[in-house]
Amino acid sequence: MRLTQNCHLFLLSLIGVLLLGCVYLGYTSSLFSKNVKLEGFNWYTGMNFLKKEQHKSRNALPYQTILYKQPKVLNGRTDVVTVTPWLAPVVWEDTFDTTLIDAIYKTQNITIATTVFALGKYVRFLKDFLVSAEKHYLQGYRVHYYIFTDQPEAVPMVTLGANRNLTTLKIPSSNRWQEITLRRMEKLEKLIENRLANEVDYIFSLDVDTKFYGHWGAETLDDIVAVIHPGYYSTARDEFPYERRPESQAYIPQGMGDYYYGGAVIGGLVKEVHKVVKTCRKQLDVDTENSIEAAWQEESHLNRYFLYNKPTKVLSAEYLWQDFKSKTDDIKIIRFSQVIKNYAEVRPNP
C-alpha cells in the first residue's frame, strides 16, 4: 500500500513539474514571438531581445537585412591612433560604417539636445551654424536646439528638417568674454536639471562660432564624449596649455595628461554630461572664492575632469578643426570647424 502511495505521489509531482514547464515555455515562446519575428531563430539573438525587455540596449540591431562592408581585422587606419590606452575609440574617417551605425541608433527613437551660446556679437555666427547643421549634423535623428542668447530677437529664422526643433533661452550677457564661458557650465547644469533630464537621451554643447562642413552622425554618441583640440593633437603633453597653478581646482601637474580636449564640444548621455558640468561648476565656484581664474576658464576645468574621469569616446580633430589651418594628411575630412574671426572685434573685452 505504502509503495503504491509513493508511486502516486511521484506521478503527481512529475505531472506538476511538466505543467510548470509547459507554462514557462508558453510564456517565453509568446515573448519571443512578440518581439522576434525572424526566420531561423538564433538563441543569442533571442537572449538579446529578452534583455531588451528589461532595459533598452543601445547596441541592438534591427532584424531586417543590413548590408555593409565586412569589418577588417588586419587592415585599417595605421597613420593615426584609433583607440585610447583605456580602450575608448578615437573616431576618424574610415573607422566606422555609417550604414551600420544608423541601423543601430535610428531604431532607438532617441532625441539629442544641442545647446549653443550666442551672446553679444557672437549672435552673428548663429545663422551659418544652424544652416550648416541642418545639412550635416545628425541627419535623420530628432534634434532639439537650445539657443542661449541675450538677443532673442536676433535669432535667425532657419528652416528646420523633420523632427528638428529650436528653443530660445534668454540669459544676460557680460562685459567679459571670460565670464560668459565661466558661466556656461552653470547654465547647462540648470537646463539639464530643470528641463532635459527626462526629455532627451543625449546632449551636445557646441560653440556657436563654428560651421559644419561634413557628416556628423551617430558615430559621435556615447556615454561621455570629448574632442581633441586641433591645435594640440600632435603636441607633447608638457606643452599642453593646462592650468599649471596648484591654487586652481583645474590644476594638472607637469608630466600628467592624456590629450588636450577642446571646450567647443562636450557631449554624451544627459546624466553623464550633467556630472561633468556640475563638477566643473563646483570647481569654478571654488576658484572664484579663491580669486583665481583658470588659464582657459571652463576648458581648463574640463581637461582636469577628463584626466580623472576618462571619456568613453574621443572625437578626432575632424570634429573640431580651425578654418585658418590647412588640412593635414591625417585629416581626411573636416566635419566641424571654428570660423575665422577678429577676436578683438567680436569679444566685449581683450
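**View 1. A low-confidence stretch in a predicted model.** Residues 27-55 keep a pLDDT under 50 throughout. For this stretch the predicted model has 17 contacts beyond four places in sequence. Across the protein, the pLDDT averages 85, and 79% of the residues score at least 70.

**View 2. The open sheet and its edges.** Here eight strands form an open sheet with mixed pairing. Reading across, the order is β1-β9-β7-β8-β5-β2-β3-β4. The edge strands are β1, at residues 90-91, and β4, at residues 164-170, each of which pairs on one side only. Next to the β4 edge, β3 (residues 142-149) runs parallel to β4, and seven bridges link the two. If you would like a landmark for this pair, look for H144, which stands opposite N165 in β4.

**View 3. Helix α6 on the sheet.** Helix α6, residues 184-196, packs on the sheet and touches β2 (111-118), β3, β4, β5 (202-206) and β8 (265-269). Its direction makes about 145° with that of β2. Which residues of α6 are buried? They are R184, M185, E186, L188, E189, L191, I192 and L196. Residues three or four places apart on an α-helix point the same way, because there are 3.6 residues a turn. Do check the ends of α6 too: the helix has 13 residues, but its end C-alpha atoms are only 16 Å apart, short of the 18 Å that a straight helix would reach at 1.5 Å a residue.

**View 4. Strand β8 and its neighbours.** Why is β8 described as largely enclosed by the rest of the structure? Five of its five residues are buried, so the description follows. With β5, strand β8 pairs in the antiparallel sense over five bridges, and S205 stands opposite I266 in β8. Strand β7 also runs antiparallel to β8, joined to it by two bridges; the partner of I224 in β8 is G268. Helix α7 (residues 270-289) packs on the sheet as well, touching β5, β7 (224-227) and β8. The direction of α7 makes about 135° with that of β8.

**View 5. A buried glutamate, E134.** This close-up is centred on E134, found in helix α4, which spans residues 126-136. Is E134 buried or exposed? Its relative accessibility is 14%, so E134 counts as buried; the cut-off for buried is under 20%. The side chains of E134 and Y145 are joined by a polar contact of 2.6 Å. Leaving aside neighbours within four places in sequence, E134 is in contact with Q139, Y145, T159, L160, G161 and R164.

Conventions
Residues are numbered from 1 along each chain as its sequence is written. This is a predicted model: local features need pLDDT of at least 70, side-chain atom pairs count only at pLDDT 80 or more; totals for chains, interfaces and linings use all residues. Side-chain values use heavy atoms; hydrogens and water are left out. Two strands pair if DSSP finds at least two bridges between them. Helices (H or I, at least four residues) and strands (E, at least two) are DSSP runs, numbered from the N terminus. Contact means heavy atoms within 4.5 Å. Axes are lines fitted to C-alpha atoms, for helices over the stretch in contact, and angles run from 0 to 180 degrees between N-to-C directions. pLDDT is the predictor's confidence in each residue, from 0 to 100. Buried means under 20% relative accessible area, exposed over 50%, partly exposed in between (1.4 Å probe, protein chains only). The expected span of a helix is 1.5 Å times one less than its number of residues. A polar contact is a pair of N or O atoms within 3.5 Å; within protein, one must be able to donate a hydrogen and the other to accept it, and residues adjacent in sequence count only if both atoms are side-chain atoms.
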